[in-house]
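Hello,

Here is the structure I promised to pass on to you. Have a look at it first, and then read on for what turned up.

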Amino acid sequence: MNAADSTSSTSTSGLEQAARDRLDRAVADAAAGAEAWARMPLSERTRLIEDTHRVMRDHAEEWATTASEIKQLDLLSPLVGEEWTSGPYATLSGFAATAESMAGIVAGRSPLSGARFGRAPGNRVTVPVMPHGAKEALLLPGFSAEVWLQPGVSAEEAIAEAGLGQRTPGQGGGVGVVLGAGNITAIPPLDVLYEIVAFNRSVVLKLNPIMGGMQPVFEAALEPLIRAGMLRIVQGGAAEGSYLVQHPGVEHVHITGSVATHDAIVWGTGDERERRKEANEPLLSVPITSELGGVSPIIVVPGEWSEEDLRYQAEHVATQRLHNSGHNCIAGQVVLLSEEWDQREAFLRELRAALERAPRRPAWYPRSEERFTAAAKTYPDLERFADGTRVLVEVDADSPDAAVIETTEYFAPILGVLSVPGTGQRFLDEAVTRANRDLLGTLGANIIVEPKQRRAMGPAFDESVARLRYGTIGINAWTGLGFLTARASWGAFPGHTLQDVQSGIGVVHNALLIDRAERTVVTGPFRPFPRSVMNGELALFPKPPWFVTARSARTTGRLLADFAGNPSWAKFPAIFLSAFRA
């Protein structure tokens, strides 16, 4: 599960006429906007996205503050940095990168013109998407990302097809409904942006009730899109959502949420859902795309690690679970750990210590306590840390109880550890097989591997990565960085169906407007600076600001958002100074 509300096929007869009128006006306004967009020259469209970016940066402070208050954070806490990076920073980066791609199309260039394509196993072409330019290379030294195209897609085809809806600007996509996420504030505006640019759709954005307080911020930050008729923002619960997705003026639905909510929209509820699924008779009459989370694995490849390595990577794993108090669709949930690793117990000691020392924060998302109770019922021997606010569960991978944590997205600070046999390549192969076979969803998978160990495995390591059926794969970098990378694709591994939707259908973000993307692979340094350089890694990056243990994260996040709003070489010294205080 992640963050959309419980919109379903529930009857909308309880809606007052005033609410129906309000939603009807929103759809009608958006329909007029879509018609105007179809007539709008590409250059004017580009200016509209650029104008929105400029207006948005003026509301970054209000944005991060409001999000922090919704999540019950002390405004002086380092954890406020999460709201800067996963809110204004990610959104500003996405709008800027998309506007750059559109400007290239206006000038007659493909967004992939000049790209230095690579190769990956399985007849795949790769597209480098980070770093993109010298500023980004300096901003995130040692980190890189590439989009893998679907097998058989050539570089020439990728160049010709990049641009999506902006290659056929006169083909309008009508009105789309976006059911906004309730956990990460960058998700709704970035979903809106992708609907508009990739598919030429205007959007009615229905906010999750949890994020109701963000409406004034979004309306101010996205004012140019609203003024152009390309966006209307509404609030409400399941009844309003149901009314919108069944509205005759709506031609597409996008949801960030849970499988249960998706299936309620597509198939209905109760006996009706099962009957419709079996007969392949969807209740929803228009196409739907989705991002639905899952149970993300963290594969820890055994190696010879120093005490500093053990501590740092334990904090890395803890971050993947505890960021946003575990209320993330991409949160790591299951650590696959070798039962034969000599340092297994040493790593687990550090992991327990990291879970204990990470800053306390409330599990703020609704029903979190229910999830803790359910986990405790299934796993009575679970371990609690930080005054009971986070949980560690060790389970034998071959135990019948393992299936619960493998197939239940807890959406809370509950972390599982499963034992897997083998070391080296044998362990990695087994871990990949189990992740693909046993874990719910295909949104993201993480691999932590010491560089020497990776080199020792040679091409077999790359083959293992290729076998992972996930939309984003992080190698020594949390897959959450893929979410923050504007030019990366974000979504489930392709191939899911309405009947078995798993982590969803389609992608978002993707500011290079790449067609037929299969996955994004993000790579980072195994160690922070200076130990990275001392051990042969050309990475000058300190502890990342997204680590939950980064003491300067609030200041760094704010500086990063300011940079995304107006990049300048003059801003680097302050960013570096703050980052190195982490």
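**Salt bridges**

Let me begin with one side chain: Arg558 has a relative accessible area of 43%, so this residue counts as partly exposed. Please keep in mind throughout that this is a predicted model.

Arg558 forms a salt bridge with Glu61, with N and O 2.5 Å apart. Glu61, at 37% relative accessibility, is partly exposed as well. Because Arg558 sits in helix H22 and Glu61 in helix H3 (residues 60–70), the pair ties together parts that are 497 residues apart in sequence.

There are 37 salt bridges in the structure, and two others make a nice contrast in burial. Arg275 pairs with Glu281, their closest N and O atoms being 3.4 Å apart. Arg275 is partly exposed at 45%, and Glu281 is partly exposed at 39%. In the other, Arg519 and Glu518 bring their closest N and O atoms to 3.1 Å. Here Arg519 is buried, with 0% relative accessibility, and Glu518 is buried at 6%.

You may also want to look at a network of salt bridges that links Asp309, Glu450, Arg527, Arg531 and Glu537.

**Helix H22**

Back to the helix that carries Arg558. Does its length fit the count of residues, or what span should the 13 residues of H22 (553–565) have? At 1.5 Å a residue they should span 18 Å, and the end C-alpha atoms are 18 Å apart, so the two agree.

The buried residues of H22 are Ala553, Thr556, Gly557, Leu560, Ala561, Phe563, Ala564 and Gly565. Several of the spacings in that list will look familiar: in an α-helix there are 3.6 residues a turn, so residues three or four places apart point the same way. What do the buried residues of H22 pack against? Their partners are helices H2 (42–57), H4 (80–106), H5 (134–139) and H23 (572–579).

**Strand S9 and its neighbours**

Strand S9 (residues 296–300) is mostly covered, with five of its five residues buried. Ser296, Ile298 and Val300 lie on one side and Pro297 and Ile299 on the other, and both faces are covered.

S9 runs parallel to strand S10 (residues 332–338), and five bridges join the two. Within that pairing, Ile298 has Val335 as its bridge partner. Together with helix H13 (residues 307–322), S9 and S10 make a right-handed β-α-β unit. S9 is also joined by three bridges to strand S14 (residues 444–448), again in parallel, and there Ile299 stands opposite Ile447.

**Aromatic pairs**

The structure holds 17 aromatic pairs. In one of them, the ring centres of Tyr194 and Phe199 are 5.7 Å apart and the planes are at 90°, so the pair is edge-to-face. Tyr194 is buried at 5% relative accessibility, whereas Phe199 is partly exposed at 32%.

Trp305 and Phe347 also make an edge-to-face pair, because their centres are 6.0 Å apart and their planes stand at 85°. Trp305 lies in the loop between S9 and H13, and Phe347 in helix H14 (residues 344–357), so this pair ties together parts 42 residues apart in sequence. Both Trp305 and Phe347 are buried, and they belong to one aromatic cluster with Trp341 and Phe526.

Happy browsing, and best wishes

Note on methods. Residues are numbered from 1 along each chain as its sequence is written. This is a predicted model: local features need pLDDT of at least 70, side-chain atom pairs count only at pLDDT 80 or more; totals for chains, interfaces and linings use all residues. Side-chain values use heavy atoms; hydrogens and water are left out. Helices (H or I, at least four residues) and strands (E, at least two) are DSSP runs, numbered from the N terminus. The expected span of a helix is 1.5 Å times one less than its number of residues. Buried means under 20% relative accessible area, exposed over 50%, partly exposed in between (1.4 Å probe, protein chains only). Contact means heavy atoms within 4.5 Å. Two strands pair if DSSP finds at least two bridges between them. A crossover is right-handed if, with the strands pointing away from the viewer, the path from the first strand over the helix to the second runs clockwise. Rings of Phe, Tyr and Trp (its six-membered ring) pair if their centres lie within 6.5 Å; planes under 30 degrees apart count as stacked, over 60 as edge-to-face and the rest as tilted. A salt bridge is a side-chain nitrogen of Lys or Arg within 4 Å of a carboxyl oxygen of Asp or Glu.
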